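Got a model open and wondering where the labels come from? Let's go through them one by one, setting values against cut-offs.

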Amino acid sequence: MLSQTLFSSVAATEEGGLAIGNIIFTAIVFIVLMALIKHYAWKPLSDVMTKRADKISNDISSAEKSRKDAEELAKKREVALSKSRDDASDIISNAKDSAQKQSEQIVSEARNDAQSVKASAQKDIEQERKDALANTKDDVANLSVEIASKIIQKELKSDDQKALIDSYIEGLGKQNAR
């Protein structure tokens, strides 16, 4: 029957009429072909396209999430870096202050030690001076007693007076030499 339809449509087209059988056959073949394409090609192609669209959408979402995470991480690192810089600055400032205080303390202790040594030296000098004066007074007293005893023992003549003065001076020289 199909062959008759084909032949009749071919004959009709040769006669110059409209080939309705041809149109129907073509329409049926087209519909069958579309059903086959829909079932075997369009549906898998559509599934592939849907999967691809979903994958692209997921990749875009993942990239956007990664970008946001990277921005947050960059902000956190910037904050941490800023905090580290502030901490380092504080540490340096504290170290400078501590060094300044320690320097001032060392200088103050050195001044106090110098003043203590100076006061001790002045005290020792004063004691030495007092001892020297006391020794000198004792020497003068002893010499005076000796001179007085010599004067009492003999009457002084001018030569004797000169000899007495010379011996007194010589005695002072010997006492100072000790």
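**Salt bridges, patch and confidence**

Q: What makes Arg-67 and Glu-71 a salt bridge?
A: The closest N and O atoms of Arg-67 and Glu-71 are 2.4 Å apart. A salt bridge needs a side-chain nitrogen of Lys or Arg within 4 Å of a carboxyl oxygen of Asp or Glu, so the pair Arg-67 and Glu-71 qualifies. Both sit in helix α2, 4 residues apart, which is about one turn of the helix.

Q: What sort of model is this, and how are residues numbered?
A: It's a predicted model, where local features need pLDDT of at least 70 and side-chain atom pairs count only at pLDDT 80 or more, while totals for chains, interfaces and linings use all residues. Residues are numbered from 1 along each chain as its sequence is written, and side-chain values use heavy atoms, with hydrogens and water left out.

Q: Why are Glu-64, Arg-67 and Glu-71 called a network?
A: Salt bridges link Glu-64, Arg-67 and Glu-71. Besides pairing with Glu-71, Arg-67 forms a salt bridge with Glu-64, with closest N and O atoms 2.3 Å apart. Glu-64 and Arg-67 are 3 residues apart in helix α2, again about one turn. In general, side chains of opposite charge can pair when their charged atoms come close.

Q: Why is Arg-67 called partly exposed?
A: Its relative accessible area is 38%. Buried means under 20%, exposed over 50%, and partly exposed in between (1.4 Å probe, protein chains only), so Arg-67 lands in the middle class. Glu-64 at 32% is partly exposed too, and so is Glu-71 at 38%.

Q: How do you know that Lys-83 and Asp-87 form a salt bridge, and what class does each residue fall in?
A: Their side chains meet at 3.6 Å, N to O, so the pair is inside the salt-bridge limit. Lys-83 has a relative accessible area of 53%, so it counts as exposed, whereas Asp-87, at 34%, counts as partly exposed. The whole structure has 5 salt bridges.

Q: What makes Ile-37 part of a nonpolar patch?
A: Ile-37 has 36% relative accessibility and is partly exposed. Patches take residues with over 30% relative accessible area and no salt bridge; like charges are joined within 9 Å, nonpolar side chains (Val, Leu, Ile, Met, Phe, Trp, Tyr) within 5 Å. Ile-37 therefore clears the area cut-off. Its partners include Phe-30, Leu-33 and Trp-42, and the patch has about 840 Å² of accessible area together (Shrake-Rupley method, 1.4 Å probe, with only the protein chains shown counting as cover for residues).

Q: What does UniProt list for residues 20-42, and what does the model have there?
A: An unreviewed UniProt entry lists "transmembrane region" for residues 20-42; such annotations may be inferred rather than shown by experiment. In the model this stretch is 100% helix and 0% strand, with end C-alpha atoms 29 Å apart. Helices are DSSP runs (H or I, at least four residues) and strands likewise (E, at least two), numbered from the N terminus.

Q: Which helix has the lowest mean pLDDT, and which the highest?
A: Helix α1 (residues 2-14) has the lowest, 51, and α2 the highest, 88. pLDDT is the predictor's confidence in each residue, from 0 to 100. Over residues 9-13, pLDDT stays under 50. Where pLDDT is low, the predicted coordinates should not be read in detail.

How values were computed: Contact means heavy atoms within 4.5 Å.
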